[in-house]
Structure formats: structure tokens, C-alpha cells
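This report is written for a reader who meets the structure for the first time. It moves from single residues to the chain as a whole.

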Amino acid sequence: MGRDVVDIEPFSPEESEMVAQERADLWAQAYGFKDAEDMKAEGERMEREYRAQMVGKHASDDGCN
């Protein structure tokens, strides 16, 4: 009925950062990206594209275009 307790040392800051990066890369790869940096770059590109479209839309709504 009892459970064995395993003493696990906490990650060092460097290890924590490495584990977080590995998880982010795996998440990105699951969605077809090379790694987390690739996913971030694509997100930033899409944001710039969206903003440019919105600026163009607002300019045409104001009759400026």
C-alpha cells in the first residue's frame, strides 16, 4: 500500500532552461516546424502580414486609398 519515495534533486537553472527549450522544440516539431525558433519566426512573419493588411484595410475604409 505504501509508496517508495524517490529523492529527486531539483534542476539547476541551466538544466531547467535546457528542458524548457527541448519541450518548446518538441511542441513546435509536433506542428510541423523545425524548432521553436522557426515557429516563433513564422508567428512574427504572420503578425507583420496581418498588421499590414489591417493598415491597408483601415486606409481604404477612410477613403484614403
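Is tyrosine 31 buried or exposed? Tyrosine 31 is exposed, with a relative accessible area of 55%. That value, like every other one in this report, comes from a predicted model, and it is a convenient place to begin, since tyrosine 31 also takes part in a ring pairing.

**The aromatic residues**

A search of the whole structure finds one aromatic pair. The pair is made by tryptophan 27 and tyrosine 31, whose ring centres lie 5.3 Å apart and whose planes meet at 45°, an arrangement classed as tilted. Tryptophan 27 counts as exposed at 53% relative accessibility, and tyrosine 31, as stated above, is exposed as well. Phenylalanine 11, placed in the segment before α1, also counts as exposed, at 53% relative accessibility. When residues up to four places away in sequence are not counted, phenylalanine 11 touches Ser16 and Val19, and the second of these, Val19, is buried in α1.

**The overall picture**

The protein has two helices and zero strands. Of its 65 residues, 6% are buried, while the accessible surface comes to about 6,200 Å², with 55% of that area belonging to carbon and sulfur atoms.

**Helix α1 and its surroundings**

Helix α1 covers residues 13-30. With 18 residues, α1 reaches 26 Å from its first C-alpha to its last, which is close to the 26 Å expected at 1.5 Å a residue. Within α1, the residues Val19, Asp25 and Ala28 are buried. Just after the helix, glycine 32 takes a positive phi of about 90°.

Which side chain of opposite charge is nearest to aspartate 25? It is lysine 34, which is 9.3 Å away, and aspartate 25 is therefore without a salt bridge although it is buried, given that a salt bridge requires the nitrogen and the carboxyl oxygen to be within 4 Å. Leaving aside the neighbours within four places in sequence, aspartate 25 is in contact with Asp35 and Ala36. Ala36 belongs to helix α2, which spans residues 36-61, and the contact of aspartate 25 with Ala36 accordingly joins a residue of α1 to a residue of α2.

Glutamate 22 is another acidic residue of helix α1, but it is partly exposed, with a relative accessible area of 44%. Glutamate 22 and aspartate 35 are 13 residues apart in sequence, and their C-alpha atoms are 9.1 Å apart in space. Aspartate 35 is also one of the residues in contact with aspartate 25.

**Salt bridges in helix α2**

How many salt bridges are counted in the protein? The count comes to three, and they are set out in the table below.

| Salt bridge | N to O distance | Places in helix α2 |
|---|---|---|
| Glutamate 42 and arginine 45 | 2.6 Å | three residues apart |
| Arginine 45 and glutamate 49 | 2.7 Å | four residues apart |
| Arginine 51 and glutamate 47 | 2.8 Å | four residues apart |

Why can partners with such spacings face one another along a helix? An α-helix has 3.6 residues a turn, so residues three or four places apart point the same way. In this helix, glutamate 42 and arginine 45 are separated by about one helical turn, and arginine 45 and glutamate 49 are likewise about one helical turn apart. Arginine 51 and glutamate 47 both lie in helix α2 too, with about one turn of the helix between them. Salt bridges that share partners join Glu42, Arg45 and Glu49 into one network.

The accessibility of these charged residues can be read one by one. Glutamate 42 counts as partly exposed at 25% relative accessibility, arginine 45 is partly exposed with a relative accessible area of 35%, and glutamate 49 is partly exposed at 41%. In the remaining bridge, glutamate 47 counts as partly exposed at 36% relative accessibility, whereas arginine 51 counts as exposed at 55%.

Technical notes: Residues numbered from 1 in each chain as written. Predicted model: local features only at pLDDT ≥ 70, side-chain atom pairs only at ≥ 80, totals over all residues. Heavy atoms only, no water. Buried < 20%, exposed > 50% of the residue type's maximum accessible area, 1.4 Å probe, protein only. Lys, Arg positive; Asp, Glu negative; His and termini not counted. Contact = heavy atoms within 4.5 Å. Areas by Shrake-Rupley, 256 points an atom, 1.4 Å probe, with all protein chains shown as cover. Phe/Tyr/Trp six-rings, centres within 6.5 Å; stacked < 30°, edge-to-face > 60°. Expected span 1.5 Å × (residues − 1).
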